[in-house]
Amino acid sequence: MTTDLRGFRPQHPTLYQLAPDGESLEFLFAQCPACQKLVFPADVPGCSHCGDPLHGADKVARPGGGRLLEYVTLHVPLLPGMEVPRIAADILIEDGLIEEGVIAGSDESALRVGMTLRAVAVALPGGETFTCRFVPAAGAAE
Ligand SMILES: [Zn+2]
């Protein structure tokens, strides 16, 4: 995974952007003006922690990643064109915020519940866009 994806477009530009290193992803949060907590994605209609309408909330980019809560390998495509096998995971990306993500590759053996994951950009077929995949963070398996 040494491909530099600068110049590619994010598949979901409201959720993440490419970090300056050209490989990692930054997640795009809103910071709630009422409770100061981070909300994801940034364009949700209200704070998921306190219900504030988030008018004038600051957008905040943070290094993408989180803690692995659980995962399962899917062997049957749930949608046409979905690559299988794929590892679907629930990931705690920020205090109180759990998102579904996809682990890069199809090898469960390196995964441990509770480990730290890092979000990286992976090019999609076609060569113009990238999507978000999670990999174990350096040292997470030790
Ligand atoms: Zn709030």
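Is Cys35 buried, partly exposed or exposed, judged by its relative accessibility? In this predicted model, Cys35 has a relative accessibility of 28% and therefore counts as partly exposed. Cys35 is also one of the protein donors of a zinc ion, and the points below describe that zinc site before turning to Thr73, a residue in strand β6.

**The zinc site**

- The zinc ion has as its protein donors the SG atoms of Cys32, Cys35, Cys47 and Cys50, which lie 2.3 to 2.4 Å from the ion.
- Along the chain, these donors follow the spacing C-x2-C-x11-C-x2-C, and the pair Cys35 and Cys50, 15 residues apart, links distant parts of the chain.
- Within that pair, Cys35 sits in the loop between β3 (25-31) and β4 (38-39), whereas Cys50 sits in the loop between β4 and β5 (58-63).
- The arrangement around the zinc ion is tetrahedral because the four donor atoms subtend angles of 106 to 115 degrees.
- For four tetrahedral donors at a metal, the ideal angle is 109.5 degrees.
- Cys50 has a relative accessibility of 43%, so Cys50 counts as partly exposed.

**Thr73 and its surroundings**

- Thr73 belongs to strand β6, which covers residues 65-74, and its relative accessible area of 16% is under the 20% cut-off, so Thr73 counts as buried.
- The side chains of Thr73 and Glu108 are joined by a polar contact of 2.5 Å.
- When neighbours within four places in sequence are left aside, Thr73 is in contact with Pro85, Arg86, Ile87 and Glu108.

Definitions and conventions. Residues are numbered from 1 along each chain as its sequence is written. This is a predicted model: local features need pLDDT of at least 70, side-chain atom pairs count only at pLDDT 80 or more; totals for chains, interfaces and linings use all residues. Side-chain values use heavy atoms; hydrogens and water are left out. Donors are N, O and S atoms within 2.8 Å of the metal (3.2 Å for Na, K and Ca); water is not among the atoms, so sites may look incomplete. Four donors count as tetrahedral if all angles lie between 85 and 135 degrees; four count as square planar and six as octahedral if opposite donors are over 155 degrees apart and all others between 65 and 115; anything else is irregular. Helices (H or I, at least four residues) and strands (E, at least two) are DSSP runs, numbered from the N terminus. Buried means under 20% relative accessible area, exposed over 50%, partly exposed in between (1.4 Å probe, protein chains only). A polar contact is a pair of N or O atoms within 3.5 Å; within protein, one must be able to donate a hydrogen and the other to accept it, and residues adjacent in sequence count only if both atoms are side-chain atoms. Contact means heavy atoms within 4.5 Å.
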